[in-house]
Amino acid sequence: MIRHPSAQKRLRQTRRITARHKPVRTATRTAIKAVRAAIVAGNKKAATKALFDAVKRIDKAVQKGLWHRNAGSRYVSRLSAQVHALK
């Protein structure tokens, strides 16, 4: 059990922040999975559409402080390269 008041406050803050980030994190991961599934299927049209949605969600996650901006850029870059490499 946490006894120090500042630690109790930190716990409350962490729970609140985690609850706020959870739907954004889930939606972002789902969008990335959709892009990867379209890439594996070899469907460039679907992959391009899914990439557009994924980039939007990744940017939102970075904006909210869920991911570091370099991590977001890395995801976008790698997914884009894979989609553009499709025939």
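**A walk along the helices**

On one side of α2, K45, K49, F52, K56 and Q63 are exposed. Please keep in mind, as you look around, that this is a predicted model. The points below begin with α2 and then move outward.

1. **The two sides of α2.** Opposite the exposed residues just named, α2 has a buried set: A47, A50, L51, A54, I58 and A61. Viewed down the helix axis, these buried residues fall within an arc of 115°, so they line one face of α2. A general point helps here: an α-helix has 3.6 residues a turn, so residues three or four places apart point the same way. The cover over the buried residues of α2 includes α1 and α3, the latter being residues 69-84.

2. **Length and ends of α2.** Helix α2 covers residues 44-63, which makes 20 residues. From first C-alpha to last, α2 reaches 28 Å, close to the 28 Å expected at 1.5 Å a residue. At its N-terminal end, α2 is capped by N43, which places a side-chain oxygen 3.4 Å from the backbone nitrogen of K45. Just past the other end of α2 comes G65, with a positive phi of about 85°.

3. **A charged pair on α2.** Which residue forms a salt bridge with D53? The partner is R57, and the closest N and O atoms of the pair are 3.4 Å apart. In general, side chains of opposite charge can pair when their charged atoms come close. D53 and R57 are 4 residues apart in α2, which means about one helical turn separates them. The count of salt bridges comes to 1. D53 is partly exposed, at 29% relative accessibility, and R57 is also partly exposed, at 35%.

4. **The span and bend of α1.** Helix α1 runs over residues 5-41. Its 37 residues should span 54 Å at 1.5 Å a residue, and the end C-alpha atoms are 53 Å apart, which agrees. Do look at H21, where α1 bends by about 35°. A proline, P23, follows H21 within four residues. After α1 comes G42, whose phi is positive, near 80°.

5. **The buried residues of α1.** H21 is also one of the buried residues of α1, along with V24, T28, A31, I32, V35, A38 and I39. The buried residues of α1 pack against α2 and α3.

6. **A closer look at T28.** Is T28, in helix α1, buried or exposed? T28 has 2% relative accessibility, so it counts as buried, the cut-off being under 20%. Leaving aside neighbours within four places in sequence, T28 is in contact with R57, I58, A61 and W67. Among these, I58 and A61 belong to the buried set of α2, while R57 is the salt-bridge partner of D53.

7. **S80 in α3.** Helix α3 holds S80, which counts as buried at 18% relative accessibility. A polar atom of the S80 side chain lies 2.7 Å from the backbone oxygen of V76.

8. **Before the helices.** H4 sits in the segment before α1. With 52% relative accessibility, H4 counts as exposed, because the cut-off is over 50%. The side chains of H4 and S6 are joined by a polar contact of 2.8 Å. How far apart in space are H4 and A54? Their C-alpha atoms are 42 Å apart, with their positions 50 residues apart in sequence.

Conventions. Residues are numbered from 1 along each chain as its sequence is written. This is a predicted model: local features need pLDDT of at least 70, side-chain atom pairs count only at pLDDT 80 or more; totals for chains, interfaces and linings use all residues. Side-chain values use heavy atoms; hydrogens and water are left out. Helices (H or I, at least four residues) and strands (E, at least two) are DSSP runs, numbered from the N terminus. Buried means under 20% relative accessible area, exposed over 50%, partly exposed in between (1.4 Å probe, protein chains only). A polar contact is a pair of N or O atoms within 3.5 Å; within protein, one must be able to donate a hydrogen and the other to accept it, and residues adjacent in sequence count only if both atoms are side-chain atoms. The expected span of a helix is 1.5 Å times one less than its number of residues. The arc is that of the directions from the helix axis to the C-beta atoms. Contact means heavy atoms within 4.5 Å. A salt bridge is a side-chain nitrogen of Lys or Arg within 4 Å of a carboxyl oxygen of Asp or Glu. The bend at a residue is the angle between axes fitted to the seven residues ending there and the seven starting there.
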